[in-house]
Amino acid sequence: MDKKKKKTWIQYGIFAAVVIFLFTTGLHTEVIGYAQRGLLATGLMNPDVSIIVQARNEESTNASVENLNQTKVDFNLKLADRDGNIHSLEDFKGKVIFLNFWATWCPPCVAEMPGIDKLHEQMDNDVAFVLLSFDDDFEKAKAFDKRKGYNLPIYAPASNLPTMFQSSALPTTFVIDAKGNLALTHMGMANYSDPEFKKFLISLK
């Protein structure tokens, strides 16, 4: 075997070893998630909330509140917090709710989490945050949150999901306005610390 081929095989071997290490330790999720943050920085994945705000404003000026064509939320969802206490989504009724479905094994979920953490720090008093983990073991979600230093309000499902919240994608984010209407459904990752999104949340109060 000549030196060039030997060098190539050594490079392949190192690459394979790194890949195996990442997958066996579970670090591949965070590595992929970190890489996907570059895509989030472009803003291309963000929901176009300006269109939603414009549509809501037009509905408000053209119809009474009772006649607005908005979807009422099914609040019949039980949640278990990190201490095992059971809550209901209805506990947050009357506030703007940021409901995010995620899991530690989901790279796009990991990618968008720093933005959600930043949003939570800035808007915790104005918005109810519910980060619903779909990990098989909720302890993994709690360990992830602690290791990252987020201290986010994470929960595990404690009941079946209402039909309107059943999603085939992770992450999926639902935003509920203060009147209990579904204002936004976004499947896929996004940069939720974007200033336009913050303005959108404020407009839902």
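Which two residues form a disulfide, and how far apart are their sulfur atoms? In this predicted model, the pair is C106 and C109, with sulfur atoms 2.4 Å apart. The other main topic of this briefing is an open sheet of 7 strands with mixed pairing, in which strand 3 pairs with strand 4 and is joined by bridges to strand 6.

**The disulfide**

- A disulfide is a covalent bond between the sulfur atoms of two cysteines.
- The count for this model comes to 1 disulfide, formed by C106 and C109.
- The torsion about the S-S bond of C106 and C109 is about 80 degrees, and the disulfide is therefore right-handed.
- Both C106 and C109 are buried.

**The sheet as a whole**

- The strands of the open sheet follow the order 2-1-5-4-3-6-7.
- Strand 2 (86-88) and strand 7 (182-187) are the edge strands, each pairing on one side only.
- From one strand to the next, the twist averages 30 degrees.
- Helix 5 (residues 138-148) packs on the sheet, where it touches strand 1 (78-81), strand 3, strand 4 (127-133) and strand 5 (154-157).
- The direction of helix 5 makes about 170 degrees with that of strand 5.

**Pairing of strand 3**

- Strands of a sheet pair through backbone hydrogen bonds, either parallel or antiparallel.
- Strand 3 (residues 96-102) and strand 6 (residues 172-176) run antiparallel and are joined by 5 bridges.
- Within strand 6, V175 is the bridge partner of F98, and T173 is the bridge partner of N100.
- With strand 4, strand 3 pairs in the parallel sense over 7 bridges.
- F98 has F129 as its bridge partner in strand 4, in addition to V175 in strand 6.
- A right-handed β-α-β unit is made by strand 3, helix 4 (residues 107-123) and strand 4.

**Burial of strand 3**

- Strand 3 is largely enclosed by the rest of the structure, because 7 of its 7 residues are buried.
- In a regular strand the side chains alternate between the two faces of the sheet.
- On one side of strand 3, the buried residues are V96, F98, N100 and W102.
- On the other side, I97, L99 and F101 are buried, and both faces of strand 3 are thus covered.

Definitions and conventions
Residues are numbered from 1 along each chain as its sequence is written. This is a predicted model: local features need pLDDT of at least 70, side-chain atom pairs count only at pLDDT 80 or more; totals for chains, interfaces and linings use all residues. Side-chain values use heavy atoms; hydrogens and water are left out. Two strands pair if DSSP finds at least two bridges between them. Helices (H or I, at least four residues) and strands (E, at least two) are DSSP runs, numbered from the N terminus. Axes are lines fitted to C-alpha atoms, for helices over the stretch in contact, and angles run from 0 to 180 degrees between N-to-C directions. Contact means heavy atoms within 4.5 Å. Buried means under 20% relative accessible area, exposed over 50%, partly exposed in between (1.4 Å probe, protein chains only). A crossover is right-handed if, with the strands pointing away from the viewer, the path from the first strand over the helix to the second runs clockwise. A disulfide is a pair of cysteine sulfur atoms within 2.5 Å.
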